[in-house]
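Please read the following note alongside the sequence and the structure. The points are numbered so that each may be checked in turn.

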Amino acid sequence: MRPIGTATRGTTNPNRLRRMDRWIAATHGPALRRADAPVAVDLGYGAAPWTAVELLERLRTAEPRTRVVGIEISPERVEAARPYEREGLTFRHGGFEIPLPERPALIRAANVLRQYDEAEVAAVWQRLCGRLAPGGLLVEGTCDEIGRRHVWVALGPEGPRTVTFATRLGSLGRPSDLAERLPKALIHRNVPGEPVHAFLRDFDRAWAAAAPYASLGARQRWITAVRALSGAWPLTDNVRRWRQGEVTVKWAALQPER
């Protein structure tokens, strides 16, 4: 079967996806531990296999039995990754069809859909979610080149659940700076009248109101702003995650207006 999808630019850097991986290990670790044989997919890992190598290391802190399969639509990238195979880490040629005999407990697709049209996203999400094991998770999103700013959507077999914004707090001017890293399903919706625009507007206002806490550090300012934001938006996490420079909101609150 010919792989489904098109090759990405392949841009990658070591440690680029650390924020996403950290969140996955913390929030999805219990599901990995419940799985009989947990398999995670790094879909579209790029021209070098750093992100798949790192995903294995990070997920094994949550569940040592986890196996990672890096899937790339470019045969040349698969061959280039072969020397990095080890116990628990393999590479395979493929695309959105996820050519594995088993259903994975996790599919991570970082910086893959950014090159696609917005109208194509829903079908890709549906296809990937259809390949998940019961209780599985799809994490699809975008980050900058060195991993300072991320935004991702978490989906289960039933569809999208949450949106997470994550950043290196010391480099943040204001929360709406993260808009440039919105995933494809949301990036063109950051306009007046759309929920994601209203969310980022309110976040900027809360951030400005929390300016006095900047003297205590960017982390305290972020926590204060997020706590204020929680009064109007359905956040799903708590201060333990906020301290990491993260905030997660229910997808239903941000999903695009039709």
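**Note on salt bridges and on strand 1**

1. R174 has a relative accessibility of 48% and therefore counts as partly exposed, since the exposed class begins only over 50%. The model under review is a predicted one. R174 forms a salt bridge with D177, and the closest N and O atoms of this pair are 4.0 Å apart. D177 is likewise described as partly exposed, at 21% relative accessibility; the buried class lies under 20%.

2. Which residues are linked with R174 and D177 in a network of salt bridges? The network also contains E145, R149, E180 and R181. As general background, side chains of opposite charge can pair when their charged atoms come close.

3. A second salt bridge to inspect joins R161 and E158, whose closest N and O atoms are 2.7 Å apart. R161 is partly exposed, with a relative accessible area of 35%. E158, at 56% relative accessibility, counts as exposed.

4. The pair E79 and R82 also forms a salt bridge, with 3.7 Å between the closest N and O atoms. Here E79 is exposed, its relative accessible area being 52%, whereas R82 is partly exposed at 34% relative accessibility. For the structure as a whole, the search finds 23 salt bridges.

5. The note now turns to strand 1. Is this strand, residues 39–43, mostly covered or mostly open? It is mostly covered, for 5 of its 5 residues are buried. V39, V41 and L43 point one way from the strand, while A40 and D42 point the other way. The student may relate this to a general rule: in a regular strand the side chains alternate between the two faces of the sheet. In strand 1, the residues pointing either way are all buried.

6. Strand 1 runs parallel to strand 2, which comprises residues 67–72, and 5 bridges join the two. One residue to locate is L43, whose bridge partner in strand 2 is I71. Together with helix 2, residues 50–62, these two strands make a β-α-β unit, and this unit is right-handed.

7. Strand 1 is also joined to strand 4, residues 106–110, by 3 bridges. These two strands run parallel as well. A40 of strand 1 may be found opposite L106 in strand 4.

Conventions: Residues numbered from 1 in each chain as written. Predicted model: local features only at pLDDT ≥ 70, side-chain atom pairs only at ≥ 80, totals over all residues. Heavy atoms only, no water. Buried < 20%, exposed > 50% of the residue type's maximum accessible area, 1.4 Å probe, protein only. Helix = DSSP H or I, 4+ residues; strand = E, 2+ residues; numbered from the N terminus. Pairing = 2+ DSSP bridges. Right-handed = clockwise from strand over helix to strand, strands pointing away. Salt bridge = Lys/Arg side-chain N within 4 Å of Asp/Glu carboxyl O.
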